Amino acid sequence: MPFPRSWRHHRVAIEVLLTALTLSACSGGPTDTKPPVVPPPVVPVAYVPGQAYLGRNGYVEYIAGNAPVILTAPHGGSLTPSSIPDRTASACGGSATTVTDANTQELVRTMQARYAARFGKYPHVVISHLSRRKLDPNRLQPEAGCGNAEAATALGEWHSYIDVAKSAVLKAHGKGWYMDMHGHGHAVPRLELGYLLSAAALDGTDAALDASSALENSASILTLSLASPLSFSALLRGPTSLGTLYAGLGFPSIPSSSDPRPSGTDYFNGGDNTRRHSCSSSASPLGGITGGMICGVQIEANFAGVRDNAANRERFADATAQVLEQYLRVHWGLLLAP
Ligand SMILES: [Zn+2]
């Protein structure tokens, strides 16, 4: 009996994605720590919006969606299987940061639920359940999984599930929005919106941000910015920027009109997930699509008032649904409300 069309579609999509993953995994990096080929994740017959799917050993969870929004939580996991060695800077390279972004898994679940309650559709959600001691899905190999085969499989599934979500978004809506959710412990309690622009770039004037296309090209909102009649700087920190909209609902943010520049304070500007899965010039070299129709941002959330308890997570989730509805409609003609 032939497989249903939807199954074949997913299988083909996964095979294409895994080929891309395998190719990108083979380029660069020390040859003595060559990552193993990543086997395909188990592909269900069809993804049902709101339903959870687990990768191998339950290390990665995908909650399927039908909205044009994708939410990921790479650093909220707690599993510490002894079969995967702890990541260390000496063994893995890079800084091998192992800090957990507390409650970010709970945060994206609540964001999905509150969005669905408001708009009747589910954002796609991908969660890493492995502790960051074992895998950092927001890093490239070998820093991400330190050469361990189980960790590499989980990393492959992580990106495959996000790619499945992106394909579904593009098929259903033509364009979409990606948000990689993190938590910071910096002194200033605010949302740090990472558009892949350096603190030095944001410290410049609006005129400097708008002066050439180089900064716009490197930003995670490249395609949206090209489509919008507003200037690049206005999209980043004008009255209708994401940060200003969040601030208006009680969640101070940088950049925004009231907090436009880091000016020497701690600020995270976005990581490898944002580079790969949004639309900047760094996407294509990592297997994503530069100038593609999925743009996005990394959000580093402060703890108190945002992710510390269920009530605050719900407040933030409600605010996010409202903010995205306005931001994506006004700037990109992407409608979230029915
Ligand atoms: Zn993080």
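Modeller: Two strands count as paired once DSSP finds at least two bridges between them. Keep that in mind for this predicted model, where local features need pLDDT of at least 70, side-chain atom pairs count only at pLDDT 80 or more, and totals for chains, interfaces and linings use all residues. Residues are numbered from 1 along each chain as its sequence is written, and side-chain values use heavy atoms, with hydrogens and water left out.

Biologist: OK, what makes β6 and β7 a pair?

Modeller: Two bridges join β6 (residues 191-194) to β7 (residues 253-254), so the pair meets the minimum of at least two. The two strands run parallel, and Glu-192 stands opposite Ile-254. Strands here are DSSP runs of E with at least two residues, helices runs of H or I with at least four, numbered from the N terminus.

Biologist: And how does β6 run relative to β8, parallel or antiparallel?

Modeller: Antiparallel, with three bridges to β8 (residues 294-301). Leu-193 of β6 faces Ile-299 there. Leu-191 and Leu-193 point one way from β6, while Glu-192 and Gly-194 point the other way.

Biologist: What makes you call those four β6 residues buried or exposed?

Modeller: They are all buried, which means under 20% relative accessible area (exposed is over 50%, partly exposed in between; 1.4 Å probe, protein chains only).

Biologist: How do you know which residues coordinate the zinc ion?

Modeller: Donors are N, O and S atoms within 2.8 Å of the metal (3.2 Å for Na, K and Ca), and sites may look incomplete because water is not among the atoms. His-75 (ND1), Asp-101 (OD) and His-182 (ND1) sit at 2.0 to 2.1 Å, so they qualify as donors. Their spacing along the chain is H-x25-D-x80-H. His-75 and Asp-101 are buried.

Biologist: Why is the contact between Tyr-246 and Phe-316 called stacked?

Modeller: Ring centres of Phe, Tyr and Trp (its six-membered ring) must lie within 6.5 Å, and planes under 30 degrees apart count as stacked, over 60 as edge-to-face, the rest as tilted. Here the values are 5.5 Å and 0°, so stacked it is. Tyr-246 lies in helix α10 (residues 242-248) and Phe-316 in helix α12, 70 residues apart. Both are buried.

Biologist: What makes up the largest nonpolar core?

Modeller: 51 residues, with Trp-177, Met-179, Ile-221 and Leu-242 making the most contacts inside it. A core joins buried Ala, Val, Leu, Ile, Met, Phe, Trp, Tyr and Cys residues through side-chain atoms within 4.5 Å. Helix α12 (residues 310-332) gives this core its largest share, nine residues. A second, separate core of 23 residues includes Tyr-53 and Val-60.
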